[in-house]
Amino acid sequence: MHEENRQDMNQEKKVGIIGLGKYLPDNVMTNKDLENMVDTTDEWITQRTGIKERRIAGTDEATSDMALAAAESALKNAKLKATDLDLIIIATITPDMFFPSTACIVQQRLGVEKIPAFDINVACSGFIYGIAIAYQFIKTGSCKHVLVVGAEKMSSVTDWTDRSTCVLMGDGAGAAVLGEVKEGGILSVYLGADGSKGDLLKMPAGGSRMPASIKSVEGKLHYLKMEGNELFRHAVRIMADAALKATEPLGLKGDDIDLVIPHQANIRILNAVAKRMGIDPEKKLYLNIKKYGNMSAASSAVALAEAVEEGRIKKGNVILLDAFGAGLTWGAIVIKW
Ligand code: UT7
C-alpha cells in the first residue's frame, strides 16, 4: 500500500475506549477520623474541598496491586485477555519503587511477556496523557490494544501531621483499554505543561537531587508539599483553558458536551471551571470527590469508569476529560462514546 493511502486510512481509523475498570481499597477514612489526627473539622474539609471521605490502601497494598485489579476489570469489560494487549502504560507518581516500573510489575502479574510497558510521571494529568499516548500508538497502527492505568497510593507520600494536605488525598486505581472503534472515539487531544511552576506541588526528597537520608526523613521532605492557594488559581484558569483548547477545534461549545469528567482536586475549582465553560455543574459535571478525595492520576480514571457504570454516559454522548496537576501539567480530551 502506498504511504499516502496508509495515512488516509489511519486518519479514518477511530480510536476509543473499549473497556474500563477501577479498584478502590476497602478502608474508608472519614473527615471525622481526620478530626482525631490533625487540627481540622468535617465542616472545614467539606466546605473548602467537597471531600467527605477517602480510601486508604493497606500497608501491604502497593500501587501495582491496585493497578492490577483495575486492569483486570477493564480487560474483562473489554472482553479481552491480557495477551491481547500490545502496550501497557501506567500513570503514577507513587510507583511501587523507582525501578523497575510499576508497568513492568503489572505486565508480569498479568502474565504477558515481551510487550512494551512503561510508567509516566504526569501527576494528576497522567491518565489523560496516557490516553493521548495510547491514541497515537493505535492510530498509527503500531498497536491494536493498549492498557492505560492511573494508579496512586497517595497515602504513602502524605504527611499525616500536615492538615493542609493530608485531608485532600486518597488511594485508588482506574484503567482503560483502548482500541479501534466503529463509531465515535477520541475526537481531540490537548496537552500542556509549565515547568516554571513546578515548586507549587512537589515531593522534594528521595530523588537524585536530594537522596533519602536521615535528614530528609526527619525534615519530612519525602512527603508532598503544596502551595494550595496559588495552585487553586492556576487550576481554574488552566482547566477552563484546556477545555476550550480541546473543544474549539471541533466547533463544540459547553452546551454540546454531555458530561465533563474532571480531575477531582477540589469542588470549588470544578464549579469555577464549569462557570467559565458556561455549563450547569449539576447536570454536566461528574463528581466523585466526596467519596474519594484527590487520587492524582487515578481520579479521572475512576471517575470515568464510575460515570459509565452509573449510566451517566450513553452511546453517542460527547464527553470531555479535563485534568490539571503537578509539573505543572494539564490535558483535555474529547471523546464521542
Ligand atoms: O491535584 C491538583 C493539584 N491540587 C490542587 O489543585 C489543589 C488546589 N488547592 C486547593 O484545593 C485549596 O487551596 C486547599 C483545599 C488546599 C486549601 O483551601 P483554601 O481555601 O485555599 O485554604 P487556605 O490554604 O487559604 O487556608 C485557609 C485557612 C488557613 O488558616 P488562616 O491562615 O486563615 O488562619 C489554613 O491554615 O484554613 C486553614 N487550614 C485548615 N483549617 C482546618 C488549612 N487546612 C486546614 C484544615 N482544617 N485541614
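1. A residue is called buried when its relative accessible area is under 20%. In this predicted model, Ser125 has a relative accessible area of 0% and is therefore buried.

2. Where does Ser125 lie? Its place is the loop that connects β5 (117-120) with α6 (126-139). Apart from neighbours within four places in sequence, Ser125 is in contact with Ala323, Phe324, Gly325, Thr329, Trp330 and Gly331.

3. The strand that precedes this loop, β5, belongs to an open sheet of five strands with mixed pairing, in the order β1-β7-β6-β4-β5. Why is one side of β1 (15-23) and of β5 left without a neighbour in the sheet? Both strands stand at the edges and each has a single partner strand, so one side of each has no neighbour there. From one strand to the next, the twist averages 20°.

4. In general, the strands of a sheet pair through backbone hydrogen bonds, and they do so either parallel or antiparallel. Here β1 and β7 (residues 171-180) run antiparallel and are joined by eight bridges. As an example, Ile17 has Leu178 in β7 as its bridge partner.

5. Which strands does α6 touch? This helix packs on the sheet and touches β1, β4 (87-91), β5, β6 (146-153) and β7. The direction of α6 makes about 165° with that of β6.

6. A further helix, α13 (residues 297-309), lies across β1, β4, β6 and β7. Helix α13 runs at about 100° to β1.

Conventions: Residues are numbered from 1 along each chain as its sequence is written. This is a predicted model: local features need pLDDT of at least 70, side-chain atom pairs count only at pLDDT 80 or more; totals for chains, interfaces and linings use all residues. Side-chain values use heavy atoms; hydrogens and water are left out. Helices (H or I, at least four residues) and strands (E, at least two) are DSSP runs, numbered from the N terminus. Buried means under 20% relative accessible area, exposed over 50%, partly exposed in between (1.4 Å probe, protein chains only). Contact means heavy atoms within 4.5 Å. Two strands pair if DSSP finds at least two bridges between them. Axes are lines fitted to C-alpha atoms, for helices over the stretch in contact, and angles run from 0 to 180 degrees between N-to-C directions.
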